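Let's take a walk through this model together, beginning with one residue and widening the view from there. Have a look at the fold first, and then read on.

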Amino acid sequence: MTEVVPGEHRSLPVPDGLEGMRLDAALARLFGLSRTVAAGVIESGDVYLDGSPAAKSDRVSGGAWLDVTLPAPPAPPTANPEPVPGLRVVYSDDHIVVVDKPVGVAAHPSPGWTGPTVVGGVAAMGYRIATSGAAERQGVVHRLDAGTTGLMVLATSERAYTLLKRAFKEREVSKVYHALVQGHPDPSRGTIDAPIDRHPSSDWRFAVVAGGKPSVTHYDTLEAFRAASLLEVTLETGRTHQIRVHFSALRHPCVGDLTYGADPTLSARLGLTRQWLHAMRLGFDHPDTGEWVEFTSEYPADLQAALDTVRAES
């Protein structure tokens with residue numbers, strides 16, 4: 001990966017190893033950017049291929065001449081931390097902070113997101129987060145979607161960051177979600193093993209795509225109602241939007257998840273403006289003591305109200 005100096009103009013040939021890649025993917029690989037940031041740089045007109053303005057979907061050829069002005073770094077997330085209403089610390093010590101994340105809060109700052117973040121909220125409460133990781137997500141070892149509620153752990157020591165990142169990568173962490181999905185999955189207990197990558201026509205969505213990243217989801221039906229089923233879901237992998245994408249692919253999207261095909265009429269009747277998905281249990285070996293620790297979270301009010309309504313209608 002090429003060393004990045006933010007704001008610097010770079011001119012270089014496209015390496016042969018990137019032959020045939022989309023330009024946004026090639027930029028991300030070459031400069032260590034996220035795919036979203038790379039696409040933004042291209043759309044802002046800061047990228048030329050062989051002297052011509054480029055589009056993010058252009059395919060690159062080895063040896064083609066690339067001119068790019070790298071983006072300026074985001075402001076440090078803790079520069080002006082503001083309290084995040086509803087963000088609750090479940091547990092903290094010298095190594096970790098476990099939080100219960102409310103809806104509408106992103107894990108960390110990112111391009112285009114102007115709302116509250118877990119990183120900023122924790123900093124506003126006086127916690128010092130580990131400095132390991134990219135500038136905008138220091139101390140973050142895993143993420144939840146802004147519209148998904150529940151448990152997250154952040155590292156407050158460098159050792160904890162290293163050990164927790166390794167634990168998540170090696171699938172040694174127990175992540176249990178509850179999801180209310182439309183209809184009744186058949187079988188009622190099963191495994192979804194389907195690769196996920198960016199949606200071929202919508203960069204902000206993901207989809208089951210041949211050749212995507214391996215993605216495995218296990219589920220078990222806890223309750224079946226007339227219009228929906230309450231599932232317990234565990235993950236072997238942690239792809240972006242994994243649960244939402246997998247159940248959408250089965251034609252059983254999370255109730256309220258209009259992005260992935262949920263019924264808007266049902267969503268409105270239940271008063272839902274986001275997906276019914278909650279990270280309700282999180283367990284891992286404590287990075288200092290090595291002892292297994294586990295935390296649980298109750299359903300937030302909007303999800304509980306929707307579930308009560310579905311039960312009453314069955």
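A good place to start is R244, which is buried, with a relative accessible area of 7% (buried means under 20% relative accessible area, exposed over 50%, and partly exposed in between, with a 1.4 Å probe and protein chains only). Please keep in mind that this is a predicted model, in which local features need pLDDT of at least 70 and side-chain atom pairs count only at pLDDT 80 or more, while totals for chains, interfaces and linings use all residues. Residues are numbered from 1 along each chain as its sequence is written, and side-chain values use heavy atoms, with hydrogens and water left out.

What does R244 pair with? Its partner in a salt bridge is D145, and the closest N and O atoms are 3.0 Å apart; a salt bridge here is a side-chain nitrogen of Lys or Arg within 4 Å of a carboxyl oxygen of Asp or Glu. D145 sits in the loop between α3 (118–124) and β7 (149–155) and R244 in helix α5 (residues 242–249), so the pair ties together parts that are 99 residues apart in sequence. Helices (H or I, at least four residues) and strands (E, at least two) are DSSP runs, numbered from the N terminus. D257 joins in as well: D145, R244 and D257 are linked in a network of salt bridges.

The structure holds 13 salt bridges, so there is more to visit. Between D302 and R274 there is another salt bridge, with the closest N and O atoms 2.9 Å apart. D302 belongs to helix α7 (residues 301–313) and R274 to the loop between α6 (264–269) and β14 (277–285), so this pair ties together parts that are 28 residues apart in sequence. Which of the two is buried, and which is partly exposed? R274 counts as buried at 5% relative accessibility, whereas D302 counts as partly exposed at 26%.

Turn next to R88 and D100, whose side chains meet in a salt bridge (3.2 Å, N to O). R88 lies in strand β5 (residues 88–92) and D100 in strand β6 (residues 96–101), so the pair ties together parts that are 12 residues apart in sequence. D100 is buried, at a relative accessible area of 12%, while R88 is partly exposed, at 44%.

Now for a residue in another part of the chain. L23 is found in helix α1 (residues 23–31) and counts as buried, at 1% relative accessibility. Which residues surround it? Leaving aside neighbours within four places in sequence, L23 is in contact (heavy atoms within 4.5 Å) with I42, V47, L49, A54, A55, K56, D58, V60 and L66. For D58, 35 residues away along the chain, the C-alpha atoms of the two residues are separated by 5.5 Å.

Finally, step back to the whole chain. There are seven helices and 15 strands, and 47% of the 314 residues count as buried. Of the contacts with a separation of 6 or more, 63% are between residues 24 or more positions apart. The C-alpha atoms fill a box of roughly 65 × 45 × 30 Å, taken along the principal axes.
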